[in-house]
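Student: Please take a close look at the salt bridges of this structure. I should like to know where the paired side chains lie and how accessible they are.

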Amino acid sequence: MNQVIDRVQPRLSPCKAAILDHPFSTEEVRITTFLISPNKTPGPDGMSRMFYQKNWDIVGHKVTAACLHCLNDGISMEDINSTLIVLIPKVRNPKQIKEFRPISLCNVIYKIVAKALVSRLRMVIDDVISKSQSAFIPGRLIIDNALIGFECLHAIRNRKWKMGSFAIKLDMMKAYDRVEWTFLDTMMRKLGFYGQWVAKMMNCVSTVSFSFVINGEVCGLIKPS
């Protein structure tokens, strides 16, 4: 890991890094709350997003205070960062685990906090992510990589090369499926993010716990490390 980290050069300017560290405002929390899809399945808190949006005049000040405590004061998100894992069948009468699609259900408060961080991160993400990364960036499509692959194969088949050519297909895990926390922390600092912002992001990552919904009942408790 150190060999990779040592080659990373800062990409985020001090000016933009400082923008990320500005305190979050009440208005940012309100806007973020209403950007969340209202009809998603509830998480461990049992509350829908629509409840908070429809009753914002009543619960808004308490929700805002809770979110700002996490965003600005750095308190641990462990109490709100619990997630339910539910397996959704991809086929009729599934018999194997690969025939299920897992989805994660989060508490609404945590969802607001995480989305507020994401909304601010989007302001600088183009400076950090390589141009060759075609997913997770507005205006870029993951299908572009497939098109490039087809073009490369077409060129190999139809051009006469002085030397032989070949293509290698790698079966790789999806991006970000497995990332060590220490690597994520160190990489963000190397890219130019300030320590305060890194701490907020790691607060989201390192405080999560998982339970599973099996036959309508919540089972188990997993705390990643």
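Tutor: Residues count as buried under 20% relative accessible area, as exposed over 50%, and as partly exposed in between. The model considered here is predicted. It holds five salt bridges, among them the pair formed by the side chains of Lys 16 and Asp 127, with an N to O distance of 2.5 Å. Lys 16 belongs to helix α2 (residues 14–20) and Asp 127 to helix α7 (residues 125–128), so this salt bridge ties together parts that are 111 residues apart in sequence. Lys 16 has a relative accessibility of 30% and therefore counts as partly exposed. Asp 127, at 29% relative accessibility, also counts as partly exposed.

Another of the salt bridges joins the side chains of Arg 30 and Glu 27, at 2.7 Å from N to O. Both residues lie in helix α3 (residues 26–35), and because they are three residues apart, about one helical turn separates them. Arg 30 is partly exposed at 33% relative accessibility, and Glu 27 is partly exposed at 38%.

A further salt bridge links the side chains of Arg 189 and Asp 185, with 2.6 Å between N and O. Here the two residues are four apart in helix α9 (residues 181–191), which means that they are separated by about one helical turn. Arg 189 has a relative accessibility of 43% and so counts as partly exposed.

As for the pairing itself, side chains of opposite charge can pair when their charged atoms come close.

Conventions. Residues are numbered from 1 along each chain as its sequence is written. This is a predicted model: local features need pLDDT of at least 70, side-chain atom pairs count only at pLDDT 80 or more; totals for chains, interfaces and linings use all residues. Side-chain values use heavy atoms; hydrogens and water are left out. A salt bridge is a side-chain nitrogen of Lys or Arg within 4 Å of a carboxyl oxygen of Asp or Glu. Buried means under 20% relative accessible area, exposed over 50%, partly exposed in between (1.4 Å probe, protein chains only).
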